[in-house]
Amino acid sequence: GQILELAWPKERPPLPCAVNAGMYLATTQNNRFFAGATFERSWKSAEPDLSTCEDYIRTNLALFSPSFAELPL
């Protein structure tokens, strides 16, 4: 699957632990945030495909918090 690496807001404390509930969320030590993953049945390349994963991941992020879906890359 693919993941997005997003900017975590400096005013928010980091997540205390990773979340894995249909997708996963994890903050890093440098105010970054990983969200994923996709499941692609027609996988053809190991290259990242932002057009395939971004809408899917952001839609699922909005289920956790609408503001998570708006975080910048």
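## Close-up views of a predicted model

**View 1. Aromatic pairs around W8.** The structure, which is a predicted model, holds 3 aromatic pairs. In one of these, the rings of W8 and F33 have centres 4.9 Å apart and planes at 45°, so the pair is classed as tilted. Because W8 lies in the loop between β1 and β2 while F33 lies in strand β4, this pair ties together parts of the chain that are 25 residues apart in sequence. W8 also pairs with F68, this time edge-to-face, with 5.4 Å from centre to centre and 65° between the planes. Since F68 belongs to the segment after α1 and W8 to the loop between β1 and β2, the second pair ties together parts that are 60 residues apart in sequence. Through such ring pairs W8, F33 and F68 are linked into a cluster; W8 and F33 are buried, and F68 is buried too. A charged residue can be added to this picture, for R12 lies over the face of W8, at 6.0 Å from the ring centre.

**View 2. The nonpolar core and the contacts of F33.** The largest nonpolar core has 13 residues, of which L25, F33, A35, I57 and L61 touch the most other members. Strand β1 (3-7), strand β4 and helix α1 (50-64) each supply at least two residues of this core, and the largest share, 3 residues, comes from α1. When residues up to four places away in sequence are not counted, the residues that F33 touches include L4, L6, L15, L25, L61 and L71, as well as its ring partners W8 and F68.

**View 3. Two hairpins that share strand β3.** Strand β2 (residues 19-20) and strand β3 (residues 24-27) pair in the antiparallel sense over 2 bridges, and N20 has Y24 of β3 as its bridge partner. These two strands form a hairpin with 3 residues between them, and in its turn G22 has a positive phi of about 85°. Strand β3 is also joined by 4 bridges to strand β4 (residues 32-36), and these strands run antiparallel. Y24 appears here again, with G36 of β4 as its bridge partner. The hairpin of β3 and β4 has 4 residues between the strands, and N31 in the turn has a positive phi of about 55°.

**View 4. Q29 in the loop between β3 and β4.** Q29 is placed in the loop between β3 and β4, and it counts as exposed because its relative accessibility is 86%. Although Q29 and P14 are 15 residues apart along the chain, their C-alpha atoms are separated by 8.6 Å.

**View 5. Two salt bridges.** A search of the whole structure finds 2 salt bridges. In one of them, the side chains of R32 and E5 meet at 3.2 Å, taken from N to O. This pair links distant parts of the chain, since R32 is in strand β4 and E5 is in strand β1, 27 residues apart. With a relative accessible area of 37%, E5 is partly exposed, because that value lies between the limits of 20% for buried and 50% for exposed. The side chains of E54 and R58 meet in a salt bridge as well, at 2.8 Å from N to O. Because E54 and R58 are 4 residues apart in helix α1, they are separated by about one helical turn, and both E54 and R58 are buried.

Notes. Residues numbered from 1 in each chain as written. Predicted model: local features only at pLDDT ≥ 70, side-chain atom pairs only at ≥ 80, totals over all residues. Heavy atoms only, no water. Pairing = 2+ DSSP bridges. Core = buried A, V, L, I, M, F, W, Y, C linked by side-chain atoms within 4.5 Å. Buried < 20%, exposed > 50% of the residue type's maximum accessible area, 1.4 Å probe, protein only. Contact = heavy atoms within 4.5 Å. Salt bridge = Lys/Arg side-chain N within 4 Å of Asp/Glu carboxyl O. Phe/Tyr/Trp six-rings, centres within 6.5 Å; stacked < 30°, edge-to-face > 60°. Lys NZ or Arg CZ within 6 Å of the ring centre and 35° of its normal.
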